[in-house]
Amino acid sequence: MAGVTDELDSRETTPLVDEAVKKAAVCWVSVGGGPAYALWCLPLDGALLVVTGPGEQSAPGLADATEARVTLRGDHGGRIVTWPARVTRLRPGTEEWTTAAPLVAAKRLNAPGPSADLVERWAADSCALNRLAPAGAPAAGADLPAESLAEEPRPAPVVRATRKPFRLHKVRRR
């Protein structure tokens, strides 16, 4: 973990980012100016750990990215800080992977099977375990956009047409 410790000493952060990262369970991550994806995460050593890939959450481009933008929200649901992140992919077999992957697997909700099996599947299925570390000046308070930034829903295979409600009998009007 010497490489990780050196990286922690050289990272750029603020007390707001540190505190928001400690409390994060979900983060919104945008890669290359694309749309932000809500991802569950695990805070560890001042950074966020995120798993993506087959059978896990989807974040197009994150597995191969070196930079991303992370947005964290507060307890009230409002955005409190957005910061540039340095993305580091942890590789199976490395000391960082051996330390972090079991911690992330233990926090994975609705995991199929024991966490040790989950870690093995992540390594075998080419899932990406990424570390998102603060790497620049954050936007907070007045620096955040005043508009809502709401977007149209993205197309997804799980969306289906809404059917009309079932009627048991016909109501007559007089």
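Begin by selecting arginine 73 and tryptophan 28 in this predicted model: the charged end of arginine 73 sits over the ring of tryptophan 28, at 4.8 Å from the centre of that ring. With the aromatic side chains still displayed, look next for rings that pair with one another, where the criterion is that their centres lie within 6.5 Å; by this rule the count of aromatic pairs is zero.

Now switch to a cartoon view and colour by secondary structure, which brings out four helices and eight strands in the protein. Following the chain along the sequence, you meet these elements in the pattern α-α-β-β-β-β-β-β-α-α-β-β. The radius of gyration is 20 Å, well over the 16 Å that the globule rule gives for 174 residues, so the protein is more spread out than a compact globule. Reducing the display to the C-alpha trace and turning it along its principal axes, you will find that it spans about 80 × 45 × 25 Å.

Add the surface next: the accessible area of the protein comes to about 11,300 Å², and carbon and sulfur atoms hold 54% of it, while 32% of the 174 residues count as buried. If you then draw the contacts with a separation of 6 or more, 64% of them join residues 24 or more positions apart.

Finally, colour by confidence, for which the protein averages a pLDDT of 83, with 93% of the residues scoring at least 70. Select residues 1–11, where pLDDT stays under 50 and for which the model has 17 contacts beyond four places in sequence. Where pLDDT is low, the predicted coordinates should not be read in detail.

Methods:
Residues are numbered from 1 along each chain as its sequence is written. Side-chain values use heavy atoms; hydrogens and water are left out. Rings of Phe, Tyr and Trp (its six-membered ring) pair if their centres lie within 6.5 Å; planes under 30 degrees apart count as stacked, over 60 as edge-to-face and the rest as tilted. A charge sits over a ring if NZ of Lys or CZ of Arg is within 6 Å of the ring centre and within 35 degrees of the ring normal. Helices (H or I, at least four residues) and strands (E, at least two) are DSSP runs, numbered from the N terminus. The radius of gyration is taken over C-alpha atoms; the globule rule is 2.2 Å times the number of residues to the power 0.38. Buried means under 20% relative accessible area, exposed over 50%, partly exposed in between (1.4 Å probe, protein chains only). Contact means heavy atoms within 4.5 Å. Accessible areas come from the Shrake-Rupley method with a 1.4 Å probe; for residues, only the protein chains shown count as cover. pLDDT is the predictor's confidence in each residue, from 0 to 100.
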